[in-house]
Amino acid sequence: MPEGHVIHRLADELTAAFAGHAVRVLSPQGRFAAAAEMLDGSVLTSAEAWGKHLFIGFDERFVHVHLGLIGKLRWVPVGALTSPETLRLLITDGASAIELRGPQTCDLITAEERDALATALGPDPLRPDADEGRGWARVHASGRPIADLLMDQRIAAGVGNIYRCEVLFRAGLHPDVPGNQLSREQWRELWDDLVALMPAGVRDGRIDTVREAESPEVTGRPPRVDRHGGEVYVYRRAGDDCLVCGRGIAVRTLAGRKLYWCESCQPRR
DNA sequence: GCGTGATGTTGAA
DNA sequence: TCAACCTCACGCC
């Protein structure tokens with residue numbers, strides 16, 4: 001369930017609920033049990049997100065969580081313990097409880113290790129200190145297609161399949177355009193769009209990319225919300241009519257992920 | 001009830 | 001390029 005906006009939202013929620021509180025930290029499944037036992041009863045300092053990585057701070061120690069494709073971190077009723085065999089981590093202060101299942105990563109790390117992980121990532125459109133030029137340098141130097149580059153966490157940390165497909169559509173850019181054929185302005189437009197869209201994703205808890213002109217309110221079409229929870233132009237709309245030109249949305253696999261685009265709204269140029 | 005795919009990454013071939 | 005990992009919700013019977 002995770003592109004960067006989800007992780008940032010969770011970090012904010014964790015901080016709001018737990019910062020400064022002594023918490024219980026449990027790993028009923030056992031795979032994080034030793035670390036959980038060490039942390040149990042200590043004060044959760046704050047939580048922070050870098051791209052799709054979440055760092056839950058306990059003074060100088062951090063629980064590093066990466067949800068991967070299928071991991072889930074969600075708030076649950078206090079006291080409810082369901083399916084402990086898959087419950088990797090449970091954090092509760094008695095007033096709120098959050099549980100982690102199926103993560104790709106759940107490790108206890110030091111501040112230095114956290115810094116190293118963050119440094120290895122590219123600029124995160126959700127962070128005010130993000131240096132967009134670092135991403136551009138890699139894009140400009142690469143012959144890989146822009147649709148591939150947008151998934152590279154060293155170029156724009158936190159971007160996933162939905163944002164990459166949608167941002168390319170909104171820019172009218174064909175997914176196959178090589179990075180080194182993009183102009184500085186074209187990259188800046190993609191970046192600025194991420195900077196506009198992703199905070200809205202954090203705020204709303206869903207990805208909405210459809211502009212006013214194509215919105216249900218203006219066009220009168222029925223709202224169409226995908227399982228991911230938002231209204232989009234191309235993601236998972238293969239074969240459907242393009243909201244702008246009416247042509248069928250195309251799909252193919254690129255680097256193991258499904259890529260969606262509109263052949264006429266996104267010309268090769 | 002069963003099979004599949006999914007907002008992801010890593011490591012081997 | 002592909003398989004593996006980890007879980008669960010959805011579609012199809």
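Where in the chain does Arg236 lie? I looked this up before anything else, and I found Arg236 in the loop between α8 (216–219) and β11 (250–254). A reminder to myself: this is a predicted model.

**Positive phi**

I had picked Arg236 for its backbone: its phi is positive, about 55 degrees, although the residue is not a glycine. I then checked how open the site is, and Arg236 counts as partly exposed at 35% relative accessibility.

Asp59 went on my list too, with a positive phi of about 55 degrees and, again, no glycine to account for it. I traced Asp59 to the loop between β5 (53–58) and β6 (61–66). Is Asp59 buried or exposed? I got a relative accessible area of 58%, so Asp59 is exposed.

I also noted Gly205, which comes after α7 and has a positive phi near 70 degrees.

**Domains**

I pulled up the split of chain A: domain 1 covers 4–120 and domain 2 covers 132–261. I have their C-alpha centres at 29 Å apart. How many residues of domain 1 are in contact with domain 2? I have ten, and they meet 17 residues of domain 2.

**Helix α7**

I went to α7 next, which runs through residues 184–204 and has 21 residues. From first C-alpha to last, I read a reach of 30 Å, close to the 30 Å expected at 1.5 Å a residue.

Which residues of α7 are buried? I wrote down Gln186, Trp187, Leu190, Trp191, Asp193, Leu194, Leu197, Met198, Ala200, Gly201 and Val202. For what covers them, my notes include α1 (4–18), α4 (132–140), α5 (146–149) and α6 (161–171).

**Asp124**

Trp191 of α7 turned up again among the contacts of Asp124, so I moved there. Asp124 sits in the loop between α3 (111–120) and α4. Besides Trp191, I have Asp124 touching His8, Ala49, Trp50, Gly51, Ala130 and Ala157, leaving aside residues up to four places away in sequence.

What is the nearest side chain of opposite charge to Asp124? I found Arg127, 5.4 Å away, and Asp124 is buried yet has no salt bridge. What I did find around the Asp124 side chain was backbone nitrogen. The nitrogen of Gly51 lies 2.7 Å from one of its polar atoms. For the backbone nitrogen of Leu126, I also have 2.7 Å to a polar atom of the Asp124 side chain.

**Arg127 and Glu48**

Which residue pairs with Arg127 in a salt bridge? I have Glu48, with the closest N and O atoms 2.9 Å apart. This pair links distant parts of the chain: Glu48 is in strand β4 (residues 46–50), Arg127 is in the loop between α3 and α4, and 79 residues separate them. I checked accessibility at both ends: Glu48 is partly exposed at 29%, whereas Arg127 counts as buried at 15%.

I then followed the charges outward and reached a network of salt bridges linking Glu48, Arg114, Asp115, Arg127 and Asp129.

**Other salt bridges**

How many salt bridges does the structure hold? My entry says 22. I wrote up two more pairs.

Glu13 and Arg9 meet through their side chains at 3.5 Å, N to O. Why is their separation about one helical turn? Because they are four residues apart in helix α1. Glu13 is partly exposed, with a relative accessible area of 27%, and Arg9 counts as partly exposed at 30%.

Glu99 and Arg101 form a salt bridge as well, and I have their closest N and O atoms at 2.8 Å. Are these two buried or exposed? Glu99 has a relative accessible area of 4%, so I logged it as buried. Arg101 is buried too, with a relative accessible area of 10%.

**Gln153**

My last stop was Gln153, in the loop between α5 and α6. I found the backbone oxygen of Met151 at 3.3 Å from a polar atom of the Gln153 side chain. Leaving out residues up to four places away in sequence, Gln153 touches Lys52, Leu121, Gly122, Gly158 and Val159.

Technical notes:
Residues are numbered from 1 along each chain as its sequence is written. Chains are lettered from A and ligands numbered from 1 in the order in which they are written. This is a predicted model: local features need pLDDT of at least 70, side-chain atom pairs count only at pLDDT 80 or more; totals for chains, interfaces and linings use all residues. Side-chain values use heavy atoms; hydrogens and water are left out. Helices (H or I, at least four residues) and strands (E, at least two) are DSSP runs, numbered from the N terminus. The expected span of a helix is 1.5 Å times one less than its number of residues. Buried means under 20% relative accessible area, exposed over 50%, partly exposed in between (1.4 Å probe, protein chains only). Contact means heavy atoms within 4.5 Å. Lys and Arg count as positive and Asp and Glu as negative; His and the chain ends are not counted. A salt bridge is a side-chain nitrogen of Lys or Arg within 4 Å of a carboxyl oxygen of Asp or Glu. A polar contact is a pair of N or O atoms within 3.5 Å; within protein, one must be able to donate a hydrogen and the other to accept it, and residues adjacent in sequence count only if both atoms are side-chain atoms. Domain bounds come from an automatic or database domain assignment.
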